[in-house]
Amino acid sequence: MGTESSANRRTPLIMVAGIRAEQVAAVAGAAWREDPAGTALVHHDLREVTQGVVRRLVRHGDAETTEVLELAHGCVSCTLRLDMLPLLRRLSAAPDVTRIVVQLDPALEPETICWALQNVLVDDRPLVDDVEVRAVVTTVDLATWLADATGEEELVERGLGGSADDERTVAQVAVGQVEFADAIVLAGRSGDRWNRVRTEAVIARLTPNAPAAHLDDLDVSVLLAKVPADARRGVVDGPQGRLLRGQPSLDTDAGVSVVLFEERRPFHPERLHEAIDVLLDGVVRTRGRVWVASQPDVALWLESAGGGLGVGHAGPWLAALEPGDWADVSAERQVRASLTWDDYYGDRMQELVVIVHEADPRDIDHALRRALLTDDELAAGQRAWASYYDPFGEWHTDPCGDDPAETTADATGETGKA
């Protein structure tokens, strides 16, 4: 592969993520040592990113270089656009680089990086023209991961924040890293066997098809060979994409279970807001699309991990679009909508997946059903629904100020609007 020109090949890329930096480094190092002559290892240390300082490590063959980068705006997004993406392009073009291993800082989520590879332009082209994500590997500390995944601690409290305004929780990042993984590396030892069983039960529901190995006897090639052909491999699902990948067990195991909530009628905005706590207490993960009666044209995306919650727009319902506007809608979404289309509601519906570890699934189902419109409210119609107070009507802008989808970067590190 190393003799092919960059124009005729895409360089394989392995991404290693995890909330414990030393474990991520151990797995990335193991992958690099399989072929140090052909593999380039890249790591951006973000511990001082809020001060505008990033330490970049590149290891290839006998050479190892560490550089201190000073960024005008210290944040993860700027690091990606200004240095990481242009660096990956340069490495992919090097004839002696046959594989790239990206060792992610704990503050980085692999889904965000893969989105950038697909959407952020470097020299007017996305990075997926030159690199191919072969696998996302996530490390899990058996002693602490479940507590991290169900807690309320913010990244900044642990010194892991990606910017001065980073409000993400450790749980949001830890859960997202596992959920997006194609393979899992377990690390450390859990003194509590019950904790390990519960941790593995949660992982099996977040990413059911991902093979797992322990760091103590890790063979990266053997692990990656077990990744199924239909694995995600860096593909980012949009807010209207599938909520479940693989086929997670719906049976309860070690107190861990999956709640699927699907209903046609809309939520009352205030009652849904009041019910949100049920999606945080004793819950590992919530993901899904909701229809709030006061916003009949747009789907809302609701996502929680541990004690952290996010709500945002997921785009318009197809029922709210003119037929001529469907041309820009993916074929997959059109097919899914047609299979579930309702003469009255169209494709509008509630679709939530909740992974619980301590909560009673029946309490969650009951609370969500109470938040739906009653028969009398439903009969009142959209004019009445529009008058409801809507706590979900206020939105916050990205503190960095730039939409990554609209940003381009070139190999010199200059940026601008597309």
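The largest cavity in this structure, which is a predicted model, has a volume of about 40 Å³. The cavity count comes to 2 when a volume of 30 Å³ or more is required. The report begins with these enclosed spaces and continues with a pocket, the cysteines, two charged residues and an annotated domain.

**Cavities and a pocket**

Lining the largest cavity are I14, V16, V27, A31, V137, V185, L218, V220, L223 and L224. Three elements each give two or more residues to this lining: β1 (11-18), α1 (21-33) and α7 (220-225). Of these, α7 provides the largest share, with 3 residues. The lining of the largest cavity has 10 nonpolar residues, with no polar and no charged ones.

The second largest cavity, with a volume of about 30 Å³, is lined by H44, L46, V76, T79, L80, M84 and L108. Helix α2 (residues 76-93) supplies the largest share of that lining, 4 residues. By class, 5 of the lining residues are nonpolar and 2 are polar, while none is charged.

The second largest pocket has a volume of about 210 Å³. Its lining comprises 13 residues, and A21, D45, R47, D105 and P106 are those nearest the centre of the pocket. The elements giving two or more residues to the lining of this pocket are α1 and β2 (39-45). Charged residues are present here: the lining divides into 6 nonpolar, 4 polar and 3 charged residues.

The volumes and lining classes are set out below.

| Space | Volume | Lining by class |
|---|---|---|
| Largest cavity | about 40 Å³ | 10 nonpolar, no polar, no charged residues |
| Second largest cavity | about 30 Å³ | 5 nonpolar, 2 polar, no charged residues |
| Second largest pocket | about 210 Å³ | 6 nonpolar, 4 polar, 3 charged residues |

**Cysteines**

The structure holds 0 disulfides. For C78, the closest cysteine sulfur is that of C75, at 3.0 Å, which is too far for a bond because a disulfide requires the two sulfur atoms to be within 2.5 Å. C114 is likewise in no disulfide, and the nearest cysteine sulfur to it, again that of C75, is 19 Å away. C78 counts as buried because its relative accessibility is 4%. C114 is also buried, with a relative accessible area of 1%.

**R81 and E262**

R81 lies in helix α2, the helix that provides the largest share of the lining of the second largest cavity. With a relative accessibility of 6%, R81 counts as buried. The side chain of R81 is joined to that of S77 by a polar contact of 2.5 Å.

E262 is found in strand β11 (residues 257-263). This glutamate counts as exposed because its relative accessibility is 51%, and the cut-off for that class is over 50%. Between the C-alpha atoms of E262 and V354 the distance in space is 11 Å, although 92 residues separate the two in sequence.

**Annotated domain**

According to the UniProt annotation, in an unreviewed entry, the domain "CobW C-terminal" covers residues 256-372. The C-alpha atoms at the two ends of residues 256-372 lie 26 Å apart. Helix makes up 24% of this span and strand makes up 33%.

Key: Residues are numbered from 1 along each chain as its sequence is written. This is a predicted model: local features need pLDDT of at least 70, side-chain atom pairs count only at pLDDT 80 or more; totals for chains, interfaces and linings use all residues. Side-chain values use heavy atoms; hydrogens and water are left out. UniProt positions are given in the numbering used here, feature names are shortened, and annotations may be inferred rather than shown by experiment. Buried means under 20% relative accessible area, exposed over 50%, partly exposed in between (1.4 Å probe, protein chains only). On a 1 Å grid over the protein atoms alone, a cavity is a set of points where a 1.4 Å probe fits but cannot get out, and a pocket is an open set with protein on both sides within 12 Å along at least five of seven lines; lining residues have an atom within 4 Å of a point. Grid points are joined across faces, edges and corners, and a volume is the space filled by probe spheres set on the points. Ala, Val, Leu, Ile, Met, Phe, Trp, Tyr, Cys and Pro count as nonpolar, Asp, Glu, Lys and Arg as charged, and the others, Gly among them, as polar. A polar contact is a pair of N or O atoms within 3.5 Å; within protein, one must be able to donate a hydrogen and the other to accept it, and residues adjacent in sequence count only if both atoms are side-chain atoms.
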